Amino acid sequence: MRLKNKVAIITGGNSGIGLATARVFVNEGAKVAITGRNPKTLAAAVETLGGNVLPLQVDVTDVAATEKAFAEAAEKLGNFDIVFANAGIGGATPIGQTSLEQFETIIRTNLTAVFFTVQAALPHLNDGASVILNGSVHAVLGSAGWSAYAASKGAIRSMTRNLASELAPRNIRVNQVTPGGTKTPIWAPMAQTEDAMSQLEARLGGMSPLGRMSEAEEIAKAALYLASDDSSNVSAIEITVDGGMTSAP
Ligand code: NDP
């Protein structure tokens, strides 16, 4: 029970990495609030987590709604020891085919909303709280077609380090998990059949020395380390979970 008596809030806790992290946190004894937009997957997440979480339907790009949801969670569960700003969207399009709207949606969801998620959490953070941002290996890769997404995640990497310095006087730690290709619904638009998904898994897995994509639980376990007192003097770092992809020659 590494998170006994801790309160956690996870954005995008109704799917993929956020849901896997909610499961790990609940199993480690935390009281957990999850946010998401989709009421069906939120309800399904609550059920699969054993009914023991607080669901909050909110679009994280709506700053006022996010503030309200965080205040509600703090009122119902208590102030937060852990904030996982995880909600995000994928999307690869060549620059010549990317509209201003597509670009702005990616930046607004993956970057602006993360900044304001942390801001919304600030009044409700306990002494010693752990803030975890979800980055991506795309921050350091040079993958054709991913420049808008990569820009959003590169900025998360910078923000982690700067927020860590800024919030340290309040004894708040800020760190990042950095997933490589991970099997979650984020890939569904790019692989709509089982065959296409197998091909994608083989291609992405083949980019790493360990030869496979990550499971969402493997990212959740990195988040658990950063959330728990095991990392009590760890701040401004990222834990990369990518099978060695980003350091392979
Ligand atoms: P999923 O698509 O499974 O989950 C994304 C989550 O974000 C969903 O819960 C979704 O909720 C939520 N979300 C998206 N936009 C909004 C919004 N505007 N407001 C509220 N919630 C929103 O994907 P993953 O679990 O893979 O993604 C989680 C994070 O991990 C993302 O930040 C992603 O960039 C990052 N990541 C993922 C990788 C991968 O290979 N899977 C690799 C590197 C990074 P809803 O469905 O209700 O909208």
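1. Start with helix H6, since it is easy to pick out. Just one of the twelve residues of H6 is buried, so the helix lies largely in the open. Its length adds up as well: the twelve residues of H6, which covers 194-205, should span 16 Å at 1.5 Å a residue, and the end C-alpha atoms are indeed 16 Å apart. Bear in mind while reading that this is a predicted model.

2. Now look at helix H7 (216-227). H7 also has twelve residues, and from its first C-alpha to its last it reaches 16 Å, close to the 16 Å expected at 1.5 Å a residue. Which residues of H7 are buried? They are Ala216, Ile219, Ala220, Ala222, Ala223, Leu224, Leu226 and Ala227.

3. Next comes the sheet. Seven strands make up an open sheet with parallel pairing, and reading across it gives the order E3-E2-E1-E4-E5-E6-E9. Strand E3 (53-57) and strand E9 (238-241) are the edge strands, each pairing on one side only. Ignoring direction, neighbouring strands of this sheet are turned by 15 degrees against each other on average. As background, strands of a sheet pair through backbone hydrogen bonds, and the pairing can be parallel or antiparallel.

4. Here is a walk through some of the pairings. Strand E1 (residues 7-11) pairs with strand E2 (residues 31-36) in the parallel sense, over five bridges. To find your place there, look for Ile9, whose bridge partner in E2 is Ala33. Further along, strand E4 (residues 80-85) and E5 are parallel too, again with five bridges. A handy landmark for that pair is Val83, which has Val131 in E5 as its bridge partner.

5. Strand E5 itself covers residues 125-134 and pairs with E6 in the parallel sense over five bridges. Seven of the ten residues of E5 are buried, so the strand is largely enclosed by the rest of the structure. Asn134 is a useful marker, with Val177 as its bridge partner in E6.

6. Strand E6 (residues 173-179) deserves a closer look. Why is E6 described as largely enclosed by the rest of the structure? Because seven of its seven residues are buried. Both faces are covered: one side carries Arg173, Asn175, Val177 and Pro179, the other Val174, Gln176 and Thr178, and all of these are buried. E6 also runs parallel to E9, joined to that strand by four bridges. In that pairing, Thr178 has Thr240 of E9 as its bridge partner.

7. There is a ligand to look at too. How many residues surround the ligand? The count is 27, and the closest are Gly12, Gly16, Gly88, Thr184 and Ile186. Helix H1 (residues 16-27) gives the most to this shell, with three residues. Sorted by class, the shell has 18 polar, seven nonpolar and two charged residues.

8. Two residues with unusual-looking signs of phi are worth a check by eye. Asn5 has a phi near 70 degrees, a positive value in a residue other than glycine. Asn5 sits in the segment before E1, and it counts as exposed because 10 other C-beta atoms lie within 10 Å. Ala236 also has a positive phi, of about 70 degrees, although it is not a glycine. Ala236 belongs to the loop between H7 and E9. Is Ala236 buried, exposed or partly exposed? Ala236 is partly exposed, with 15 other C-beta atoms within 10 Å.

9. Ser147 is another residue to locate. Ser147 is in helix H5, which covers residues 147-167. With 19 C-beta neighbours inside 10 Å, Ser147 counts as partly exposed, since being buried takes 20 or more. The C-alpha atoms of Ser147 and Thr93 are separated by 8.2 Å, with the two residues 54 apart along the chain.

10. Finally, the annotation. In an unreviewed entry, UniProt lists residues 6-180 as "domain: Ketoreductase". Over residues 6-180 the chain is 46% helix and 22% strand. The end C-alpha atoms of that stretch are 28 Å apart.

Terms used:
Residues are numbered from 1 along each chain as its sequence is written. This is a predicted model: local features need pLDDT of at least 70, side-chain atom pairs count only at pLDDT 80 or more; totals for chains, interfaces and linings use all residues. Helices (H or I, at least four residues) and strands (E, at least two) are DSSP runs, numbered from the N terminus. Two strands pair if DSSP finds at least two bridges between them. Axes are lines fitted to C-alpha atoms, for helices over the stretch in contact, and angles run from 0 to 180 degrees between N-to-C directions. UniProt positions are given in the numbering used here, feature names are shortened, and annotations may be inferred rather than shown by experiment. The expected span of a helix is 1.5 Å times one less than its number of residues. A residue is near a molecule or strand if its C-beta atom, placed from the backbone, lies within 6 Å of it. Ala, Val, Leu, Ile, Met, Phe, Trp, Tyr, Cys and Pro count as nonpolar, Asp, Glu, Lys and Arg as charged, and the others, Gly among them, as polar.
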